[in-house]
Amino acid sequence: MVLCLITISSAFYLQPGRSRYLRKCMRIQNCGRYLMKHADITRHKIIPSARVDTVGLEVFVVSDLHTEYAENMSWVKGLPKKRKKKEVLLVAGDVAETYENFVLTMSLLKASFEHVFFVPGNHDLWLRREKEKYIDSLQKLDIMLDACQSLGVETNPSVIDGLAIIPLFSWYHESFDREKDITGIRIPSLELACKDFRACKWPDGLINGDNSLATHFDAMNDKYQDTVQEMLASCKQIISFSHFIPRLELCPEKRMLFYPNLPKVIGSDFLEARIRYIHGARGSTNACHIFGHTHFCWDARLDGIRYVQAPLAYPRERKRRMNGGEDWLPFCIYSKGEFTENMSPCYWSDYYASNPRTPDVTELAPWVARFYGKL
């Protein structure tokens with residue numbers, strides 16, 4: 001099995017420190033380059049699902065646009081303009097770090113698709129470049145949602161041609177990670193590694209990492225409860241989507257990761273509970289959830305629900321095809337009244353389709369062991 005390189009999550013960076021250890025820890029960001037020198041890795045492009053002239057509703061998905069990178073903004077600007085009605089784009093968070101880039105990006109997307117839906121990611125709520133503009137990250141979120149309304153970008157549940165689309169607000173919590181930790185190596189703390197601890201600002205009572213933010217964001221979905229109930233009664237096909245991940249099985253095991261503590265800052269149990277309320281405990285062939293955040297392409301069915309991640313990711317990740325390249329994006333998840341076939345090849349979900357998950361095994365994968373051996 002050929003594997004995609006593990007990249008650090010979009011939530012992460014490591015501060016340059018004075019100590020030799022911290023300086024070398026900065027190499028985690030360049031883990032792909034390091035591994036390219038030490039292993040024979042082939043990364044295949046994902047087969048694209050091009051926008052073609054079809055009759056009826058088509059739904060495309062993408063996450064982690066990060067248009068503060070000029071290459072990513074150019075990709076957005078290069079999307080074809082609206083050619084027909086009933087094209088929908090679901091944007092699963094991390095659009096841009098600044099409000100100005102966010103508005104520009106969403107305006108461009110709205111020029112390409114009749115319907116654009118959005119949920120916020122962690123990068124969207126960073127304040128490091130806009131500290132003087134907002135009291136906190138929640139105020140910035142409110143202003144962003146107002147901008148979406150002005151642009152015609154949808155953030156509420158909606159039904160289009162009988163297909164229910166349900167955006168879900170979410171945030172991660174550390175207790176989401178219940179798998180055995182990696183020991184015996186020096187792993188930077190979450191506070192050092194995760195930029196959210198410094199780039200976001202929260203009101204009193206909300207703390208990054210514990211359950212408070214996860215429950216706060218999950219509660220934002222409650223106001224649409226009656227609408228969702230009506231959808232469940234009238235719609236047979238439902239797509240929900242979030243930025244953060246709802247299940248640990250949607251991330252590689254810790255021993256495979258260059259930052260083994262990544263699972264502590266990526267997902268929410270409250271999110272999965274809400275997804276199961278929507279799609280049912282056993283799911284169905286018409287149940288699908290879209291997510292983002294980790295920049296790992298994913299397309300897998302777990303307990304009756306199809307889970308999909310289609311990230312644009314960072315330019316350096318695309319150049320090494322860590323996300324399958326860019327020609328396949330945005331990914332068409334729904335066309336001609338039915339869900340499309342799985343994206344292929346899809347490195348990590350393909351791997352776990354034929355290999356069991358063994359989180360109790362903590363022996364580092366060879367590429368991770370070599371990396372930490374160099375520190």
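I will walk you through a five-stranded sheet and the helices beside it, in what is a predicted model.

To set the scene, the protein has 375 residues, of which 59% count as buried, and its secondary structure comprises 13 helices and 11 strands. If we take the contacts between residues at least 6 apart in sequence, 80% of them join residues at least 24 apart. The accessible surface comes to about 15,300 Å², with carbon and sulfur atoms accounting for 50% of that area.

Turning to the sheet, please follow the order β3-β2-β1-β10-β11, which is an open arrangement with mixed pairing. Its edges are β3, residues 115-118, and β11, residues 338-339, each of which pairs on one side only. Inside that order, β1, spanning residues 58-62, pairs with β10, spanning residues 331-335, in the antiparallel sense over 4 bridges, and there you will find Phe60 opposite Cys332. Packed on the sheet is helix α4, residues 99-112, which touches β2 and β3 and whose direction makes about 145° with that of β3.

How, then, do α3 and α4 pack, at what angle and how far apart are their axes? Helix α3, residues 70-77, meets α4 at an angle of about 25°, and the two axes lie 9 Å apart. Because angles under 35 degrees count as roughly parallel, α3 is described as roughly parallel to α4. On the α3 side the contact is made by Met73, Val76 and Lys77, while α4 contributes Asn101, Leu104, Thr105, Leu108 and Leu109. By residue class, this contact divides into 5 nonpolar, 2 polar and 1 charged.

Methods. Residues are numbered from 1 along each chain as its sequence is written. This is a predicted model: local features need pLDDT of at least 70, side-chain atom pairs count only at pLDDT 80 or more; totals for chains, interfaces and linings use all residues. Side-chain values use heavy atoms; hydrogens and water are left out. Two strands pair if DSSP finds at least two bridges between them. Helices (H or I, at least four residues) and strands (E, at least two) are DSSP runs, numbered from the N terminus. Contact means heavy atoms within 4.5 Å. Axes are lines fitted to C-alpha atoms, for helices over the stretch in contact, and angles run from 0 to 180 degrees between N-to-C directions. Angles under 35 degrees count as roughly parallel, over 145 as roughly antiparallel, 65 to 115 as roughly perpendicular and the rest as oblique. Ala, Val, Leu, Ile, Met, Phe, Trp, Tyr, Cys and Pro count as nonpolar, Asp, Glu, Lys and Arg as charged, and the others, Gly among them, as polar. Buried means under 20% relative accessible area, exposed over 50%, partly exposed in between (1.4 Å probe, protein chains only). Accessible areas come from the Shrake-Rupley method with a 1.4 Å probe; for residues, only the protein chains shown count as cover.
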